[in-house]
Amino acid sequence: ADRWLRADLRFEDEDGAARHEVLVWGPDTALLFDRRRGRWTDLGEREGTWEMEQGTFTIDHLLWLALGRWLDPREPVARREGDQYWLRSDGVGLRIEPGAQGRFAWTELVWRGDRLKATPTAGWMATEWGPVPSELEVEGTLLESKAQVRWEVGEIPPFGDEILDPLADPGAPPPQGG
């Protein structure tokens, strides 16, 4: 709800080695933390941005791709072309084809000739923002093949923190004592 995201990414790299990285992204921070090696990478030069392939992305761009909704209160101007809607934000084109019952058929980010497109493939979860797909197929000009993304959406209690801790285990019970 506060436009902060913590994503635990567990995958195998191209050599088959297990990886565990944590993405912490919000309006002020965008970093990727390698839990196995204990190293972090700042993803952009400006606070809260991820810079790649000559594009500068904010958490709102990722939320658009995954949720099909623009959560930033500064709503970009939208135009309709047939069944699709186009929006523009910080040099990034946002496109969506709405579906039934608050769902979407697909979303897309477009910038400088590159694109990422997300299509829901299974399951929808009820959230305070409306229905959110639990699985997406992501494809685009920067990907060698389609990627399957699965996740659970949930609220992480802050425990008085100012930022989402990449070392914390969100599934663990809250600390006790005082």
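Analyst: Buried means under 20% relative accessible area, exposed over 50%, and partly exposed in between (1.4 Å probe, protein chains only). Before we use that, note that this is a predicted model, where local features need pLDDT of at least 70, side-chain atom pairs count only at pLDDT 80 or more, and totals for chains, interfaces and linings use all residues. Residues are numbered from 1 along each chain as its sequence is written, and side-chain values use heavy atoms, with hydrogens and water left out.

User: Okay, what is the mean pLDDT of the protein?

Analyst: pLDDT is the predictor's confidence in each residue, from 0 to 100. Here the protein averages 83, and 85% of its residues reach 70 or more.

User: Which elements have the lowest and the highest mean pLDDT?

Analyst: Helices (H or I, at least four residues) and strands (E, at least two) are DSSP runs, numbered from the N terminus. Strand β1 comes lowest, with a mean of 84, while strand β10 (residues 104–111) is highest at 93.

User: Let's stay with β1. Is Leu 5 buried or exposed?

Analyst: Neither, as it happens: Leu 5 has 22% relative accessibility, so it counts as partly exposed. Leu 5 belongs to strand β1, which covers residues 5–12. The C-alpha atom of Leu 5 sits 5.8 Å from that of Val 24, though 19 residues separate the two along the chain.

User: How many aromatic pairs does the structure hold?

Analyst: Rings of Phe, Tyr and Trp (its six-membered ring) pair if their centres lie within 6.5 Å; planes under 30 degrees apart are stacked, over 60 edge-to-face, the rest tilted. There are 3 such pairs in this structure. One of them is Phe 104 with Trp 124, edge-to-face, with 5.6 Å centre to centre and 80° between the planes. That pair links distant parts of the chain, since Phe 104 is in strand β10 and Trp 124 is in strand β11 (residues 114–127), 20 residues apart.

User: Are those two rings' residues buried or partly exposed?

Analyst: Phe 104 is at 5% relative accessibility, so it counts as buried. Trp 124 is partly exposed because its relative accessible area is 25%.

User: And helix α1, how many of its residues are buried?

Analyst: In α1, 8 of the 9 residues are buried, so the helix is mostly covered. Among the buried ones are Ile 59, His 61, Trp 64 and Leu 67.

User: Which residue follows α1?

Analyst: Gly 68 does, and its phi is positive, near 70°.
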